[in-house]
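Visitor: I should like to learn how helices are read against the rest of a fold. Please take me through an example.

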Amino acid sequence: MHEDQPFTHLDEKGQARMVDVGGKPLTARQATAQSIIRMQPSTLSRILNQSIAKGDVLATARIAGIMAVKRTADLIPLCHPLPIDAVELSITPWSPDRLKIIATVRTVWRTGVEMEALTAASVAALTVYDMCKAFDRGMSIEQTLLLEKSGGRSGSYQRETPNQNQGEKPWLK
């Protein structure tokens, strides 16, 4: 936001308000976010071998992330409830001690789905932590961030990464 633009979640008296999006056109919108969860290599091995007593960690985390998308407006103040068209959530080993969680959310609506994608990635990471904390309390959730978004008046955004080739999406590797 530029310095000369007003805060959209504040009224003329400086009080919190929900932004009126009723006059905005319906447009296709998409956002992709990630979270990385770092753990002991032995923890990742146990997850991948499905030897966690609480069950299938990756399947449970995917379900938790998808469910979180639907509850984002209940968790983030002033966030609009949105009709979600699709959620894709992948959880893959990223190194011997990390999982990479990528969440993509799509809708055709009047406001974007960045918060929903970030919430999905975050809650999936929290679920991994919860299911594995009994033997690895030192896990850390890192790099929760928006990777890209499209649609709406503000247009597209793609996070730049070092040595990124034009159009390449390094987080999908």
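Guide: The discussion below moves from the overall fold to two of its helices.
Guide: This is a predicted model, in which local features need pLDDT of at least 70, side-chain atom pairs count only at pLDDT 80 or more, and totals for chains, interfaces and linings use all residues. Residues are numbered from 1 along each chain as its sequence is written, and side-chain values use heavy atoms, with hydrogens and water left out.

Visitor: In what pattern do the helices and strands follow one another along the sequence?
Guide: Helices (H or I, at least four residues) and strands (E, at least two) are DSSP runs, numbered from the N terminus. The pattern here is β-α-α-β-β-α-β-β, with 3 helices and 5 strands.

Visitor: Which residues of H1 are buried?
Guide: Buried means under 20% relative accessible area (1.4 Å probe, protein chains only). In H1 these are Thr43, Leu44 and Ile47. They fall within an arc of 100 degrees seen down the axis, so they line one face of the helix; the arc is that of the directions from the helix axis to the C-beta atoms. An α-helix has 3.6 residues a turn, so residues three or four places apart point the same way.

Visitor: What covers the buried residues of H1?
Guide: The cover includes H2, E2, E3 and H3. Just after H1, Gln50 adopts a positive phi of about 50 degrees.

Visitor: Which residues of H3 are buried?
Guide: Among them are Ala117, Ala121, Ala124, Val128 and Met131. Their cover includes helices H1 (41-48) and H2 (57-75), together with strand E4 (140-150).

Conventions. Buried means under 20% relative accessible area, exposed over 50%, partly exposed in between (1.4 Å probe, protein chains only). Contact means heavy atoms within 4.5 Å.
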